Amino acid sequence: MAESGNKLGPHAVHKLYVQRKALSTKPFGARGKKLVRCHACLLGQQFCTCEFRRQLKTNVSFLLIMYDDEVLKPTNSGRLIADLVPDTHAYIWSRTQTDADMLALLAHDDYQPYLVFPGQYANPGQEILSQVRDAKTGYGSDLSNGIADAKAKRPLLIMLDGSWREAIKMFRKSPYLHHLPLLSFDPKVLATYALRKGSHDFQLGTAEVAALAIEAAGEALNGLVLSTWFDLFVESSLLGRNRRCKEDIIPIEAFQQKFTTALANSYQAQMAQSD
């Protein structure tokens, strides 16, 4: 696996991609399979974003539970979370053979897991929250400085990464998720977010929901960074398809600039709070 241009090494999804690809008996037939792609970001080499990749200063962690061949899809946005959030873990979901390391992570004393999933699917008695709680007070926490309290558990935000039908299946057939608190967003919030983001060829993706989850953990600026990283990914992917009229194409530099500006604002805010 090639490292990105700024010397960041492969992350959890990169490694899972290599493992899953080794199990394949034939090439994955994704749309645009003839496109020459970067081995890291899976975008067309001409529109590779690896040189812009940076790590966030954040107190949140992520666990991606990915449906079978989801990690092989160039359009998968779960990898964007791992691009930016240093403490990201990724596993392939199995109904019958649950990964022991993943279960150990869920039970680890350093973490407080939250399953990011609609509350309407909650099991009887399953807690539904709209924001990450402070581990000491039980109320909404402000983790915006990216520095964990020594006595507080680190939020572990769990994303079920696949199509909507696959995500529901993963939830319903995974008893180890049924006791975890659900971090759920009101449909109006999701609709407003999608409207603010504008229209594109992708449905509300895993990375977009993750950006909302980061905001719910008190890190609004970091949520914005992930949101703009997703925007850059979408535009780079669409340019690789080359199926749009020239007058509809916004220069890719505009999306690169939005991401670097959001990242700089996040870094500056954290430095100011640490002074």
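Which residues of α6 are buried? In this predicted model, they are Thr206, Ala207, Glu208, Val209, Ala210, Ala211, Leu212, Ala213, Ile214 and Ala216. Helix α6, which spans residues 206–216, is thus a mostly covered element, with 10 of its 11 residues buried. Beyond the helix comes Gly218, a residue with a positive phi, near 90°.

A second point of interest is Asp83, which belongs to helix α2 (residues 78–84). Asp83 is buried, yet no salt bridge accompanies this charged side chain. The nearest side chain of opposite charge is that of Arg53, at 4.2 Å, whereas a salt bridge requires a side-chain nitrogen of Lys or Arg within 4 Å of a carboxyl oxygen of Asp or Glu. Asp83 does have a polar partner: its side chain makes a polar contact with the side chain of Trp229, at 3.1 Å. Leaving aside residues up to four places away in sequence, the contacts of Asp83 are His11, His14, Arg53, Arg54, Gln55 and Trp229.

Asp83 and Trp229 meet again in the lining of the largest cavity. The structure holds two cavities of 30 Å³ or more, and the largest has a volume of about 60 Å³. Alongside Asp83 and Trp229, the lining of this largest cavity is made up of Cys41, Leu43, Thr49, Arg79, Leu80, Leu232 and Phe233. Helices α2 and α7 (220–241) each supply at least two of the lining residues. Asp83 therefore appears in two settings, as a buried residue without a salt bridge and as part of the lining of the largest cavity.

Terms used
Residues numbered from 1 in each chain as written. Predicted model: local features only at pLDDT ≥ 70, side-chain atom pairs only at ≥ 80, totals over all residues. Heavy atoms only, no water. Helix = DSSP H or I, 4+ residues; strand = E, 2+ residues; numbered from the N terminus. Buried < 20%, exposed > 50% of the residue type's maximum accessible area, 1.4 Å probe, protein only. Lys, Arg positive; Asp, Glu negative; His and termini not counted. Polar contact = N/O pair within 3.5 Å; in protein donor to acceptor, adjacent residues only side chain to side chain. Contact = heavy atoms within 4.5 Å. 1 Å grid on protein atoms, 1.4 Å probe; cavity = no way out; pocket = protein on both sides within 12 Å on 5 of 7 lines; lining within 4 Å. Points joined across faces, edges and corners; volume = space filled by probe spheres on them.
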